[in-house]
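Work through the exercises below with the sequence and model open. Try each task before reading its solution.

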Amino acid sequence: MSADNPYRDKWEEAILDELSILDKMGTFGKAEQTGRAMKTKFVFTVVYKNDFSIKFKARLVACGYSQVQGIDYEETFSPTTPILAVFIVLHLAARSRLHKIIFDVKGAFLEGENDYVQYGRLPREISQNFISERVRIIKSLYGEKQAPKIWSDLLHNILVKLGFERCPVVACLYKKIVDDDFMYLCVHVDDGLIASNSEEFIADFLEKFQKEVNEIKIFKPIEKYLGMEVKEEDNRIHVSQSKYILEDISLLGIGNDNKMTQYPMSSNTNLHTALKDSSIEPLMQVSGTLRYLSDRSRPDILTSVGEISSNGHPHPSKEHVSTAKQIIRYVKSTHDLALTLGGDGPVELFGFSDAQYNSHGKCLSRLGGVWYAGYDSGAIMNFSQNDTTVSHSSTESEIKAIDLNIRSGNHIRDILE
């Protein structure tokens with residue numbers, strides 16, 4: 001790190017914090033001086049805490065590209081929770097006025113032991129703190145290809161040990177029932193969302209869980225989860241991404257002209273017939289950033305974002321760029337909009353589907369659907385996608401949309417059951 005870095009002291013403090021965690025976890029051991037070893041390096045990031053304050057973070061990571069399959073790792077798959085499961089838990093929690101908290105396991109990937117004998121070479125700036133530059137890596141490190149799987153398996157075993165039952169259709173959703181007390185637990189890597197009818201039930205679980213892992217942080221009330229801002233109000237929860245819109249989307253470099261608009265895309269726009277322009281840069285970053293927003297708290301831009309991402313982000317046309325600018329202007333104009341979950345009355349599952357028959361360009365129709373779990377609540381699930389085959393009539397495209405929506409509804413019903 002350069003001596004003229006104005007934040008040098010903060011970064012050095014972050015490095016020391018990371019090394020103390022690794023030492024406490026027992027991550028390193030002695031190793032022979034010869035033989036192959038993974039590369040390691042420090043990754044420096046500035047992140048927002050749940051209260052939106054800034055934190056300087058240094059992480060010692062393994063360079064996974066230096067691993068060899070069959071020698072250093074085999075299985076790497078690890079499930080993550082879909083936003084649908086998060087919305088279902090929040091919806092049920094708000095409607096029933098359940099107690100809610102979120103927790104974060106600090107250094108989660110460092111908890112599990114490596115499934116293969118691993119050796120690594122430490123960065124030179126810290127290797128003098130150990131017997132040699134080459135060490136044995138006993139616990140998994142961030143960056144190892146199998147690290148997410150090791151942590152996921154460890155967490156599952158801990159939760160089963162504590163009496164939880166995994167949802168058979170969503171691997172990251174758990175429940176626990178003891179007499180009249182019940183708890184829902186939605187896990188996304190190292191972040192957990194808990195909803196229960198009893199605060200004592202939650203406290204008992206956290207006390208036992210803290211004995212199984214190194215350290216956890218608990219946040220109550222919920223203000224942020226998975227990049228979404230969460231605001232509780234009686235028996236409703238409002239989910240938004242205003243901070244993401246005003247800060248991250250503004251960095252895209254387009255649509256920053258402060259113009260206002262009330263709709264994301266004109267109903268007369270047909271990007272299927274637009275001709276690509278090789279002089280225009282790809283819209284992959286733009287479509288990916290907007291997709292992150294539309295798949296979470298802003299389903300109102302789902303169709304328009306789908307149009308620019310599925311038809312034009314690798315080779316856009318002028319029309320694609322113009323539409324992308326309008327979407328960005330729209331979300332900035334409506335950055336304070338929120339998706340509301342919960343409400344009064346019973347949980348009732350119902351949905352709608354629609355299709356836009358297209359006989360121009362690639363002739364692929366757009367299919368869409370939406371599902372609700374209450375008549376006074378926002379949607380818990382949405383989809384908008386291009387058809388995979390050409391429809392011969394508008395009726396055929398409508399039937400395809402209905403079919404997709406029914407399958408989605410069956411999946412939601414299975415989760416609720």
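**Exercise 1. Compare the expected span of helix α1 with the distance between its end C-alpha atoms.**

Solution. Helix α1 covers residues 8-25, which makes 18 residues. Helices here are DSSP runs of H or I with at least four residues, strands are E runs of at least two, and both are numbered from the N terminus. The expected span is 1.5 Å times one less than the number of residues. That gives 26 Å, and the end C-alpha atoms are 26 Å apart, so the two agree.

A note on the source: this is a predicted model, in which local features need pLDDT of at least 70 and side-chain atom pairs count only at pLDDT 80 or more, while totals for chains, interfaces and linings use all residues. Residues are numbered from 1 along each chain as its sequence is written, and side-chain values use heavy atoms, leaving out hydrogens and water.

**Exercise 2. Find the buried residues of α1 and say how they are arranged.**

Solution. Buried means under 20% relative accessible area, exposed over 50%, and partly exposed in between (1.4 Å probe, protein chains only). The buried residues are Trp 11, Ala 14, Ile 15, Glu 18, Leu 19, Ile 21, Leu 22 and Met 25. Down the axis of α1, they fall within an arc of 155°, so they line one face of the helix. The arc is taken from the directions between the helix axis and the C-beta atoms. Asp 9, Leu 16, Asp 23 and Lys 24 are exposed on the face turned away from the buried side. Just after α1, Gly 26 has a positive phi of about 70°.

**Exercise 3. Which element gives the most residues to the largest nonpolar core?**

Solution. A nonpolar core is a set of buried Ala, Val, Leu, Ile, Met, Phe, Trp, Tyr and Cys residues joined through side-chain atoms within 4.5 Å. The largest has 44 residues; Phe 164 is one of those that touch the most other members. Contributors of at least two residues include β4 (99-105), α4 (147-161) and α5 (199-210). Helix α1 gives the most, with 7 residues.

**Exercise 4. Explain why Cys 167 has no disulfide partner.**

Solution. A disulfide is a pair of cysteine sulfur atoms within 2.5 Å. The closest cysteine sulfur to that of Cys 167 belongs to Cys 186, 9.9 Å away, which is too far for a bond. Cys 172 is in no disulfide either, as its nearest cysteine sulfur, in Cys 186, is 7.2 Å away. The whole structure has 0 disulfides. Cys 167 is buried, at 12% relative accessibility. Cys 172 is buried too, at 6%.
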